[in-house]
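Grab a coffee and open the viewer. Here are some exercises to work through, each followed by a solution that goes step by step.

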Amino acid sequence: MFNPGLIVVAFLLLLVIITISMGVRIVPQGFKFVIQRLGKYHCTLAPGLNIIIPYMDTVAYKVTTKDIVMDIPSQEVITRDNAVIITNAVAYINIVSPEKAVYGVEDYRMAIQTLVQTSLRSIVGEMDLDDALSSRDRIKARLKETISDDISDWGIMLKTVEIQDINPSDTMQHAMEEQAAAERARRATVTRAEGDKSAAILQADGRLEASRRDAEAKVVLAEADREAIAKVAEATKGGELPLVFLLGQRYVDAMRKMAENNNSKVVVLPADLPAAVRGIMGTLGK
Amino acid sequence: MELQYWHWLVFGMILIISELFIPSFTIFWFGLGALAVGGLIWLVPALSLTLQLLLWTIFSALLTAFWFLVMKPRMVDKTRAGMSREALLGETGLVIRTPEGDRRGVVRFSKPLLGDDEWSFICDEPVQLGDRVQIRDVSGNTLVVAPKTNKQSL
């Protein structure tokens, strides 16, 4: 039914189909294929249409050349002044030489993650707590610098590394809050004391000023009395009459005040007022 | 049942269409080969089945070779996105700090390369401040460069 020629040609066709399908490799953009020839590294295929020698060459690894985002898990770090802080980071790496990355290290993600963690720990360990909390950029730069040499053998480039969180541990945070609260309380006490001091000074100043004016007022009053006496003396042409007049006037005023007072209802007015005044004056009236 | 010329044509088209669903760029050439065999049978109807299969095989293999020898070299890279190494190699920059002792030099590029316009570099030959250097290789975050003037004089 089948002649031998047909069978041979059919198998030849099959061989060609399999051979061509094994030899053609389409590498998508963003990937590179590492090709091994009989178990040894041969070449790296770039994106696009590629042909390899079937049966001898095999695609050993398919490596992405896009940036890889790596989450560095959070860890506890002890600073130079023995404070515990918790940090985590995110690293962006890029495989520059796929052959170095696959042959140079067993698991490059794991390797870089561990490297970033340990480097971060040593960098923060050289800083004081306050420095560590405030200088992310410096940590970042140091981290990049430290790691880039270590990963150069693996054909990997550390494009950037960002410190995501850098927080003091719970106990540390509590202590810091307490410290801040105490500082504020101290400032409040000082402010209050300063207020009290200013108030006392102002009050004393007020009293001083008031006394000074009282004294001035007394002088003015005395001046006025002197002038009044002088005027009365002038009006009565000398003698003891002005003195008696003034004294009498004040005596009557005192009597009126006594009368206005609620406590003493009985007021004895002397009938002969000039005689009474003269009596008060005593020898002065002679 | 004798294979007619249109059997080959339809078979060839089916193979070419199936390339859409199995994108391996292999079946496509076999489809083209089948179309060629169909055309040949239309011209010379008295070909035996064995000869038809043999012709299909030869046509397909030749088309494959043609594609790779003629078309492949013409397929240029439209973008180097996602190809860090290729994007870096050959770029030239200006030395803004010369390497001294253990310290590496710094080269600045007019446009940022992979998100950075300043890179540290290693150079085997002595370079001066302001020299133009060309990237030869990448080692971690450090570039291996060579002075550009030397390269042109070679």
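Keep in mind throughout that this is a predicted model.

**Exercise 1. Look at residues 53–70 of chain B, then at residues 6–22: what is the helix content of each span, and how far apart are its ends?**

Step 1. Start with residues 53–70 of chain B: the span is 100% helix and 0% strand, and its end C-alpha atoms lie 25 Å apart.

Step 2. Now take residues 6–22 of chain B, where the chain is 94% helix and 0% strand. The end C-alpha atoms there are 24 Å apart.

Step 3. Bring in the record: an unreviewed UniProt entry lists both spans, 6–22 and 53–70 of chain B, under "transmembrane region".

**Exercise 2. Check the length of helix H2 of chain B, then find which of its residues are buried and what they pack against.**

Step 1. Helix H2(B) covers residues 27–43, which makes 17 residues. At 1.5 Å a residue it should span 24 Å.

Step 2. Compare that with the model: the end C-alpha atoms of H2(B) are 25 Å apart, so the length agrees with the expected one.

Step 3. Pick out the residues under 20% relative accessible area, the cut-off for buried. In H2(B) they are Ile27(B), Trp29(B), Phe30(B), Gly31(B), Gly33(B), Ala34(B), Val37(B), Gly38(B) and Ile41(B).

Step 4. Ask what these buried residues pack against. Within chain B, the partners are helix H1 (5–21) and helix H3 (49–71). From chain A come helix H1 (4–23) and strand E1 (24–27).

**Exercise 3. Do the same for helix H3 of chain A.**

Step 1. H3(A) takes in residues 108–125, 18 residues in total. Its first and last C-alpha atoms are 25 Å apart, close to the 26 Å expected.

Step 2. List the buried positions: Tyr108(A), Ala111(A), Ile112(A), Leu115(A), Val116(A), Gln117(A), Ser119(A), Leu120(A), Ile123(A) and Val124(A).

Step 3. Look for the cover over them. It includes the strands E6, E7 (84–95) and E8 (156–168) of chain A. Helices H2 (98–104), H4 (129–134) and H5 (136–150) of chain A are also among the covering elements.

**Exercise 4. Where does Thr65(A) sit, is it buried or exposed, and what does it touch?**

Step 1. Locate Thr65(A) in the loop between strand E5 (57–64) and strand E6 (68–78) of chain A.

Step 2. Check its accessibility: the relative accessible area is 1%, so Thr65(A) counts as buried.

Step 3. Leave out its neighbours within four places in sequence. In chain A, Thr65(A) then contacts Gly30(A), Phe31(A), Lys32(A), Asn94(A), Ile95(A) and Pro98(A). From chain B, Gly82(B), Met83(B) and Ser84(B) are in contact with Thr65(A) too.

**Exercise 5. Trace the hairpin of E2 and E3 in chain A and find the residue with a positive phi.**

Step 1. Strands E2 (31–37) and E3 (40–45) of chain A run antiparallel and are joined by 5 bridges. Arg37(A) stands opposite Lys40(A).

Step 2. The hairpin has 2 residues between its strands, and Leu38(A) takes a positive phi near 50° there. Leu38(A) does this although it is not a glycine.

Step 3. Check its accessibility: at a relative accessible area of 66%, Leu38(A) is exposed.

Step 4. For another non-glycine case, go to Tyr55(A), which has a positive phi of about 70°. Tyr55(A) is in the loop between strand E4 (48–51) and E5 of chain A.

**Exercise 6. Walk round the barrel of chain B, then place Pro147(B).**

Step 1. The closed barrel has 5 strands in the order E1-E2-E3-E5-E4, with mixed pairing. On average, neighbouring strands are turned by 55° against each other, direction ignored.

Step 2. Zoom in on E1 (92–97) and E4 (132–139) of chain B: these run antiparallel, joined by 3 bridges. Gly93(B) stands opposite Val133(B) in E4(B).

Step 3. Move to strand E5 (142–147) of chain B, where you'll find Pro147(B). With a relative accessible area of 7%, Pro147(B) is buried.

Step 4. Beyond four places in sequence, Pro147(B) contacts Cys123(B), Glu125(B), Val127(B), Arg132(B) and Val133(B). Take Arg132(B): it is 15 residues from Pro147(B) in sequence, yet their C-alpha atoms are 6.1 Å apart.

Methods: Residues numbered from 1 in each chain as written. Chains lettered and ligands numbered in written order. Predicted model: local features only at pLDDT ≥ 70, side-chain atom pairs only at ≥ 80, totals over all residues. Heavy atoms only, no water. Helix = DSSP H or I, 4+ residues; strand = E, 2+ residues; numbered from the N terminus. Buried < 20%, exposed > 50% of the residue type's maximum accessible area, 1.4 Å probe, protein only. Contact = heavy atoms within 4.5 Å. UniProt positions renumbered as here; feature names shortened; annotations may be inferred. Expected span 1.5 Å × (residues − 1). Pairing = 2+ DSSP bridges. Axes fitted to C-alpha atoms, helices over the stretch in contact; angles between N-to-C directions.
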